[in-house]
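User: I should like to learn how to read side-chain interactions in a protein model. Could we proceed feature by feature, with the general idea preceding each case?

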Amino acid sequence: MPFSRLATATTPTAHLGLGLAAVGRPGYITLDRDTDLGADRSVDALRTRTHELLDAAYAQGVRYFDVARSYGRSEEFLADWLNARPDIGDAVVGSKWGYTYTAGWSTDAEQHEVKDHSLATYARQRAETDALLGDRLDLYQIHSVTPDSPALTDKDLHARLAEAAAEGLTIGFSTSGPAQADAIRAALAVTVDGEPLFRTVQSTYNVLEPSAGPALAEVHDAGLTVIVKEGMANGRLAAPHAPDALRAVAAATGLGCDAVALAWILRRPWVGVVLSGAATVPQLVSNLHAPAVDLDADQMTRLATLAEDPSAYWERRGQLPWH
């Protein structure tokens with residue numbers, strides 16, 4: 001399993017990864033993109049920005065890189081970076097299928113992505129991913145599984161995914177929505193010929209939305225690697241927007257709100273990788289201070305009081321504008 005390569009890493013940032021959702025396309029729902037990206041969001045500008053982030057992350061010990069078919073040109077940008085650095089053999093690459101990017105490199109498209117977990121979509125997007133990443137792809141995840149997703153019950157799809165696993169590809173899934181825990185437990189029960197299909201799960205987990213925690217602990221105990229996404233709650237936990245309790249703890253530690261928010265996640269024993277979704281190198285550098293944050297029990301408890309009702313959290317997330 002490719003994540004065993006991360007387990008042998010000794011750098012403090014070994015449990016941090018870089019996700020390219022925010023820089024692989026001009027429009028996304030993260031707050032403050034006008035400040036972070038500026039006016040030039042051309043393909044070349046975002047390609048250059050992505051490569052700068054990848055260079056900085058790799059230099060600081062980050063080894064897991066996360067993309068998706070729906071993240072605009074994220075796979076292409078990552079592939080270009082890897083192809084220009086053939087000596088890099090220790091990077092672990094994960095991508096996702098199940099959403100199709102439909103915005104046409106526009107920030108004001110009526111629809112930015114379309115979800116479809118059918119076998120036909122898997123076959124099409126797997127070919128698209130292979131054309132870009134080839135044998136550099138380590139992990140392929142079903143994008144945003146919910147309890148009603150047909151990907152949980154489609155036996156033909158399961159068989160095709162099991163074939164890919166037999167050929168050496170790790171198969172995983174990501175989750176979203178207020179019922180993440182239900183989706184996680186349902187996916188854990190999926191087997192092919194008596195063997196579990198999924199080896200990783202990527203879920204939203206942060207101080208505002210920790211509801212998936214118990215289910216993630218269960219799948220970790222079952223042998224799956226847990227990847228945490230949206231640890232910054234799409235920018236809601238960054239300094240300009242952070243709640244007072246987070247600001248107070250950050251001030252006490254002398255580090256940024258972002259580093260503290262990610263450190264709170266890293267304290268969970270079931271966490272394998274926590275993704276940074278940084279859009280600038282300074283943001284990334286600040287995120288990577290998370291392993292140095294030493295939170296005591298009182299600070300952990302104070303941050304835990306920030307948890308919102310999952311339905312309210314996801315309703316607010318759904319209202320964030322693509323900009």
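Analyst: Let us begin with the nonpolar core, which is a set of buried Ala, Val, Leu, Ile, Met, Phe, Trp, Tyr and Cys residues joined through side-chain atoms within 4.5 Å. Please keep in mind that this is a predicted model.

User: How many residues does the largest nonpolar core have, and which of them have the most contacts inside it?

Analyst: In soluble globular proteins, nonpolar side chains tend to be buried together. Here the largest nonpolar core comprises 87 residues, and F65 and L78 are those with the most contacts inside it. Helix α10 (residues 257-266) supplies the largest share of this core, namely eight residues.

User: Which residues does L78 touch, leaving aside those up to four places away in sequence?

Analyst: With those excluded, L78 is in contact with L20, L54, F65, V67, V93 and L133.

User: Let us turn to aromatic rings. How is a pair of them described?

Analyst: One gives the distance of the centres and the angle of the planes. The structure holds 10 aromatic pairs. In the pair of Y205 and W270, the ring centres are 5.0 Å apart and the planes stand at 80 degrees, so the arrangement is edge-to-face. This pair links distant parts of the chain, 65 residues apart: Y205 belongs to the loop between β10 (200-204) and α8 (213-221), and W270 to the loop between α10 and β12 (273-276).

User: Are these two rings' residues, Y205 and W270, buried or exposed?

Analyst: Residues under 20% relative accessible area are taken as buried. Y205, at 4%, is buried, and W270 is likewise buried, with a value of 9%.

User: Which residues do ring pairs link into a cluster?

Analyst: The cluster consists of Y58, F65 and W81. Its member F65 was also named above for its contacts in the core. Y58 has a charged partner as well: the charged end of R63 sits over its ring, 3.6 Å from the centre. Elsewhere, R268 lies over the face of W264, at 4.1 Å from the ring centre.

User: R63 is charged, and I wish to consider salt bridges next. How many does a search of the whole structure find, and what is the N to O distance between D90 and R63?

Analyst: The criterion is a side-chain nitrogen of Lys or Arg within 4 Å of a carboxyl oxygen of Asp or Glu. The search finds 16 salt bridges. D90 and R63 form one with an N to O distance of 2.9 Å. D90 lies in the loop between α4 (74-83) and β3 (92-97), and R63 in the loop between α3 (43-59) and β2 (64-66), so the bridge ties together parts that are 27 residues apart in sequence. R63 is buried at 16% relative accessibility, whereas D90 is partly exposed at 32%.

User: What separates R126 and D130 within helix α5?

Analyst: They are four residues apart in helix α5 (residues 119-133), about one helical turn. Their side chains meet in a salt bridge of 3.2 Å, N to O. R126 counts as buried at 18%, and D130 is partly exposed at 31%.

User: Where do R302 and D298 lie?

Analyst: Both are in helix α12 (residues 297-304), again four residues apart, about one turn. Their closest N and O atoms are 3.8 Å apart in a salt bridge. R302 is partly exposed at 33%, as is D298 at 48%. Salt bridges may also share partners: R47, R73, E76 and D80 are joined into one network in this way.

Key:
Residues numbered from 1 in each chain as written. Predicted model: local features only at pLDDT ≥ 70, side-chain atom pairs only at ≥ 80, totals over all residues. Heavy atoms only, no water. Helix = DSSP H or I, 4+ residues; strand = E, 2+ residues; numbered from the N terminus. Buried < 20%, exposed > 50% of the residue type's maximum accessible area, 1.4 Å probe, protein only. Contact = heavy atoms within 4.5 Å. Phe/Tyr/Trp six-rings, centres within 6.5 Å; stacked < 30°, edge-to-face > 60°. Lys NZ or Arg CZ within 6 Å of the ring centre and 35° of its normal.
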